[in-house]
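This report covers the sheets and pockets of one protein chain. The sequence and the model come first, then the description.

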Amino acid sequence: MLVWAVIRLTGVDAGPLVQLLAFTPYVAAVSLLPLLAALALRRRGAAGVALLASLLLIATVAPRALPAGQPATDGPTLTMLTANLCLGEADPAALVALVRDNNVDVLALQEFTPDAQAGLERAGLTGQLPYLHTIAEVGSTGSALYSRYPLGDTGLRRNAGGFGFAQAYATVTVPGGPPVLVESVHPAAPWAPRENGAWRDDLAAQPPATPQGPLRVLAGDFNATLDHAPLRRLIATGYADAAAATGRGLTGTWGPYDGDPIPPVTIDHVLADRRIAVRSASVHPLPGGDHRAVLAVLRLPSA
């Protein structure tokens, strides 16, 4: 446990450690068991080491379950929803219902395929969100943004690593608020140690926050949890993780995996510029997919 805590705190993301670190919240939860065992056996030295490991692990994880202070903002709200469609196989009607029931303003999609686009249109998505910027591709590389408000400055970022996932981006302006740069994020997945370099490079290439410039929101499947150093470095440029900021940062968004009884991990995020207040965040099941959708209600500064 102490070795795990040291690895997590020092940010060593290498080899199989990348995948293992995603389960740090579970390790923190069970870290009390060795401490209790050492106390029961009256092994003071072992109890001291176990206590130190537990404190370090809990200190890294617990803040995600505690709401953080928010900036004072008096602008309009922007409700963001992000979902990985699992090769386009997620239920389009269920996704459109999520959009409708939660008054979503901007929807960011990953693994967006031509079939998924057709299914979403049949289910009435464009009736809810009529403005769109889509890169529909067969397989896992597609990306899309749908919006209640007009989209400007649309573009495509193509990640260099892994499968070359696309990332659709655009500027959205909510009436009464400033322009916001929104991007559907999908860096490479570290599914094997040989992919760690591509995963790290893709995360490093994500657009940093612009504290003195325009507002940014990154939403999508980051293939990383808050226990991965590359994601923490990105957040440190000036973002806040919406779920963690509202005390919901321990809710898993991906898993189980191919039916294996492995606990879910939190790899889907909405990262908002720290000048934006996060009012709420929640995670929602998406039938037909292997990810859950993440919803965040943001309060913008006034224009």
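## Pairing in the first sheet

Two strands count as paired if DSSP finds at least two bridges between them. In this predicted model, strand 1 (residues 77-84) and strand 12 (residues 293-299) meet that condition, with six bridges in the antiparallel sense. Within this pair, Thr79 stands opposite Val297 of strand 12.

Strands of a sheet are held to one another by backbone hydrogen bonds, in either a parallel or an antiparallel arrangement. The sheet that contains strands 1 and 12 is open, has six strands in the order 3-4-2-1-12-11, and shows mixed pairing. Strand 3 (131-135) and strand 11 (277-284) each have a single partner strand, so each of these edge strands has one side without a neighbour in the sheet. On average, neighbouring strands here are turned by 10° against each other, direction ignored.

## A helix across the sheet

Helix 6 (residues 92-101) lies across four strands of this sheet: strand 1, strand 2 (106-110), strand 11 and strand 12. The helix runs at about 165° to strand 1.

## The second sheet

Another open sheet of six strands has the order 5-6-7-8-10-9, again with mixed pairing. Its edges are strand 5 (151-158) and strand 9, each of which pairs on one side only. The twist from one strand to the next averages 20°.

At one end of that order, strand 9 runs antiparallel to strand 10 (residues 268-273), and three bridges join the two. Asp241 has Leu271 in strand 10 as its bridge partner.

## The largest pocket

The largest pocket holds about 590 Å³ of space. Its lining consists of 26 residues, and Ala189, Pro190, Trp191, Asn223 and Trp254 lie nearest the centre.

Which element gives the largest share of this lining? Helix 2 (residues 17-21) does, with three residues. By class, the lining of the largest pocket divides into 16 nonpolar, seven polar and three charged residues.

## The second largest pocket

The second largest pocket has a volume of about 160 Å³. Arg8, Thr60, Arg64, Leu226, Arg232, Ile235, Ala240, Asp241 and Ala244 line this pocket. Helix 10 (229-235) and strand 9 (239-241) are the elements that give two or more residues to the lining.

The lining of the second largest pocket has four nonpolar, one polar and four charged residues. Asp241 belongs to this lining and is also the bridge partner of Leu271, while strand 9 is an edge strand of the second sheet.

Key. Residues numbered from 1 in each chain as written. Predicted model: local features only at pLDDT ≥ 70, side-chain atom pairs only at ≥ 80, totals over all residues. Heavy atoms only, no water. Axes fitted to C-alpha atoms, helices over the stretch in contact; angles between N-to-C directions. Contact = heavy atoms within 4.5 Å. 1 Å grid on protein atoms, 1.4 Å probe; cavity = no way out; pocket = protein on both sides within 12 Å on 5 of 7 lines; lining within 4 Å. Points joined across faces, edges and corners; volume = space filled by probe spheres on them. Nonpolar A, V, L, I, M, F, W, Y, C, P; charged D, E, K, R; others polar.
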